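Here is a quick briefing to read alongside the coordinates. It begins with one residue and its surroundings, then moves out to the whole chain.

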Amino acid sequence: SPSRPSEKKKKIYLTFDDGPNKGTRNVLDIVKDEKIPVTFFIVGEHVYASVNQNITWDSLLATQGIDICNHSYTHAHNKYESFYKSPDSVVNDFQRAQDSLQLNNTIVRTPGRNMWRMDSIQFTDLKKSKAAVDSLQKAGFTVMGWDLEWHYDHKDLSVKNTADEVIRQIDSVFNNKKTRSTDHLVLLAHDQVYQKSKDSMELRQLIQKLKLKDEYELSLATSYPGASN
């Protein structure tokens with residue numbers, strides 16, 4: 001039966017961290033093929049790290065219907081604990097990415113931390129990082145974490161779950177009302193995981209299967225409740 005217009009669809013926000021890197025081009029190609037809204041959380045330093053990364057960045061900028069958000073300039077050089085000890089340098093790092101990438105929104109994601117600072121959602125995963133993330137909010141940034149992560153093997157950068165498994169997880173998170181905002185689910189994925197065709201095939205499968213599910217709708221980070229000032 002056709003769904004009644006009054007039925008509100010549950011919204012899913014596909015977000016991809018750490019680009020531009022070797023997997024970003026594959027993700028972007030799939031997104032363009034499938035014509036879906038997704039959000040890329042970009043690391044400033046990665047844009048300037050190589051000619052290829054810079055070209056990928058230009059392709060992202062030229063793509064309609066996606067959001068590009070701030071995932072810091074340095075990605076904390078992967079030394080998260082010392083990075084978050086200094087709130088001022090955390091703010092400076094994000095500000096540097098914001099300025100050099102000339103982003104048109106204030107949504108950020110903190111490297112290595114699932115933290116939220118927006119309207120109604122205040123969540124800190126590790127208390128030691130609280131001062132730093134509070135400072136980001138004071139500086140005018142909206143901090144978006146995630147509800148579900150598509151996990152990957154850090155050794156060989158391959159996905160740990162099939163598309164079907166991820167969809168079962170999504171269904172379950174919604175059914176158990178485990179999202180930060182009711183009927184809105186932010187999925188975290190990582191560009192670098194989709195370098196190999198086997199993994200990018202799973203991504204394509206996930207997207208195609210989500211498109212077929214009538215109760216879900218894919219959305220951009222900027223349309224998440226309370227994300228845009």
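**Briefing: a histidine and its surroundings**

If you set aside neighbours within four places in sequence, histidine 75 is in contact with Asp18, Val43, Tyr80, Asp93 and Pro111. Please keep in mind that this is a predicted model. The points below place that residue in its loop, then turn to a strand pair, the overall fold and one threonine.

**Histidine 75**
- Histidine 75 sits in a loop, with β3 (67–70) on one side of that loop in sequence and α4 (80–85) on the other.
- Is histidine 75 buried or exposed? Its relative accessible area is 11%, and because the cut-off for buried is under 20%, histidine 75 counts as buried.
- Tyr80, one of the residues in contact with histidine 75, also makes a polar contact with it: the two side chains are joined at 3.4 Å.

**Strand β3 and its partner**
- Strand β3 is covered on both faces. Asp67 and Cys69 are buried on one side, while Ile68 and Asn70 are buried on the other.
- Strand β2 (residues 39–42) runs parallel to β3, and four bridges join the two.
- Within β3, cysteine 69 has phenylalanine 41 standing opposite.

**The protein as a whole**
- The protein contains eight helices and twelve strands.
- Its radius of gyration is 17 Å, close to the 17 Å that the globule rule gives for 229 residues, so the protein is as compact as a globular protein of that length.
- The C-alpha trace spans about 55 × 40 × 30 Å along its principal axes.
- Of the 229 residues, 52% are buried.
- How much of the contact map joins residues at least 24 apart? Among contacts between residues at least 6 apart in sequence, the share is 77%.
- About 11,200 Å² of the protein is exposed, and carbon and sulfur atoms supply 48% of that area.

**Threonine 142**
- Threonine 142 belongs to strand β7 (residues 142–143).
- Its relative accessibility is 4%; since buried means under 20%, threonine 142 counts as buried.
- Which backbone atom does the side chain of threonine 142 reach? The partner is the backbone oxygen of alanine 227, at 3.4 Å.

Conventions: Residues are numbered from 1 along each chain as its sequence is written. This is a predicted model: local features need pLDDT of at least 70, side-chain atom pairs count only at pLDDT 80 or more; totals for chains, interfaces and linings use all residues. Side-chain values use heavy atoms; hydrogens and water are left out. Buried means under 20% relative accessible area, exposed over 50%, partly exposed in between (1.4 Å probe, protein chains only). A polar contact is a pair of N or O atoms within 3.5 Å; within protein, one must be able to donate a hydrogen and the other to accept it, and residues adjacent in sequence count only if both atoms are side-chain atoms. Contact means heavy atoms within 4.5 Å. Two strands pair if DSSP finds at least two bridges between them. The radius of gyration is taken over C-alpha atoms; the globule rule is 2.2 Å times the number of residues to the power 0.38. Accessible areas come from the Shrake-Rupley method with a 1.4 Å probe; for residues, only the protein chains shown count as cover.
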